[in-house]
Amino acid sequence: MKKTMKKAALILIAAAMLMMSFAGCAERDYTTVRLNEVTRSVFYAPQYVALNLGFFEEEGLKIDITSGQGADKVMTAVLSGQADIGFSGPEAAIYVYNEGREDYAVVFAQLTKRDGSFLVGRKPEPDFKWENLKGKTIIGGRKGGVPEMTLEYVLKKNNLIPGVDVYIDTSVQFALMAGAFTGGQGDYVTLFEPVASTVEKEGKGYIITSIGKESGEIPYTAYYASKSYIEKNKDIIQKFTNAIYKGQKWVETHTPEEIADVIKPSFPDSDKETLITVAKRYKETDVWNKDPILKKESLDLLQEVMSMAGELKKEAPYEKIVTTEFAEKAMENFEN
């Protein structure tokens, strides 16, 4: 009896060691990808779905994620080799290409197709009209960034001239905008979620309207890497895009409640009720791309917005700074 028990114990130990060995091998097989995201926001829910449901692991990737807090900082990390992949507004890639850099950034996947920010004011305005902003100050983000340029675009569409009819304060760093507003600066501020809902929940501001609903479709946030990195790591870029597309498809077919459950680990300081509200708001605004392809007409609109903001003197050629190779293959892989 003792021999039988001893033999069984040895078999269990051997099995456990074998499993640990396999786990170790599996761990070694993962390729780590350093991703620098512009900020942490529910606006990027498909990405957090891909992270939390293991879509990247399915592709053999481990994601080391950091927040750059600004598209310029994200691009700096990519070009300096501190990050493999950048995630921000694709305007950063346009600027870099126009600087004449040889190893410029190339966009390979788009995640969002509208502005994800909301105009937040100091009092409720159920009958809000854009003319209400005349003579007011809006904390609008970094000059030359997509959030600020899209705000300018929307104001001009509504016959308000920035600097004449309304003042946009671009002196506040992206991560500090909510704090500046709740501290008394400005009449309005543009905020992403869940920050906007948190400010409202705390009674320190009120969500007035969606900037994205007014601006129309625009390639707001996308993934990019240096041309050299993509050329040397096509397999990694493909696997990364596959995972992002799985995240996009999952978000498209699931409820705000289900989305909130899955992304909660990425937002430990936000309660589930807030995450559900935000996910529902973004679904209703139709902010998420159904696939990772950045279309030429979308880039053309972005460059028009940049030109109107006085930030673009020369358009960057679509075929140089965008590749759809990986997005198309991801969609093909998913169907098969």
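1. A quick definition before anything else: a salt bridge here is a side-chain nitrogen of Lys or Arg within 4 Å of a carboxyl oxygen of Asp or Glu. K239 and D235 meet that rule, with their closest N and O atoms 3.2 Å apart. Keep in mind throughout that this is a predicted model.

2. Where does that K239 and D235 pair sit? Both residues belong to helix 11 (residues 234-252), and they are four residues apart, about one turn of the helix. As for solvent, K239 has 26% relative accessibility, so it goes down as partly exposed. Across the model, the rule gives a count of 20 salt bridges.

3. Next, a pair that ties two helices together. D261 forms a salt bridge with K272, and the closest N and O atoms are 2.8 Å apart. This one links distant parts of the chain: D261 is in helix 12 (residues 256-263) and K272 is in helix 13 (residues 272-285), with their positions 11 residues apart. Both ends are partly exposed: D261 comes out at 44% relative accessibility, and K272 has a relative accessible area of 37%.

4. D286 and K290 make another salt bridge, with 3.2 Å between the closest N and O atoms. Which residues share a network with them? Through shared partners, salt bridges join K113, E217, D286 and K290 into one network. Buried or exposed, or in between? D286 is partly exposed at a relative accessible area of 26%, and K290 is partly exposed too, at 37%.

5. Now the sheet. Five strands make an open sheet with mixed pairing, and their order is 2-1-3-10-4. Strand 2 (61-67) and strand 4 are the edge strands; each has a single partner strand, so one side of each has no neighbour in the sheet. From one strand to the next, the twist averages 25°.

6. Both senses of pairing can be seen at the two ends of that order. Strand 1 (residues 31-37) pairs with strand 2 in the parallel sense, over seven bridges, and L35 stands opposite I65 of strand 2. Strand 4 and strand 10 (residues 221-226) run antiparallel and are joined by six bridges. One of the bridge partnerships there is A109 with Y223 in strand 10.

7. Strand 4 deserves a second look. Being at the edge, it lacks a sheet neighbour on one side, and yet eight of the eight residues of strand 4 (residues 105-112) are buried. The cut-off that matters for this is under 20% relative accessible area. So strand 4 is largely enclosed by the rest of the structure, and an open side in the sheet should not be read as exposure to solvent, because every one of those eight residues is buried.

8. Finally, the nonpolar packing. In the largest nonpolar core, which has 89 residues, F108, Y223, F240, I263 and Y282 touch the most other members. Helix 11 supplies the largest share of this core, seven residues. A second, separate core has 14 residues, including L119, F128, V154 and L155. As a general matter, nonpolar side chains in soluble globular proteins tend to be buried together.

9. F240 is a handy residue to click on. What does F240 touch, leaving aside residues up to four places away in sequence? The list is V33, L35, F56, L61, I63, I85, F108 and Y223. Two of these names have already come up in the sheet: L35 stands opposite I65, and Y223 is the bridge partner of A109.

Methods: Residues numbered from 1 in each chain as written. Predicted model: local features only at pLDDT ≥ 70, side-chain atom pairs only at ≥ 80, totals over all residues. Heavy atoms only, no water. Buried < 20%, exposed > 50% of the residue type's maximum accessible area, 1.4 Å probe, protein only. Helix = DSSP H or I, 4+ residues; strand = E, 2+ residues; numbered from the N terminus. Pairing = 2+ DSSP bridges. Core = buried A, V, L, I, M, F, W, Y, C linked by side-chain atoms within 4.5 Å. Contact = heavy atoms within 4.5 Å. Axes fitted to C-alpha atoms, helices over the stretch in contact; angles between N-to-C directions.
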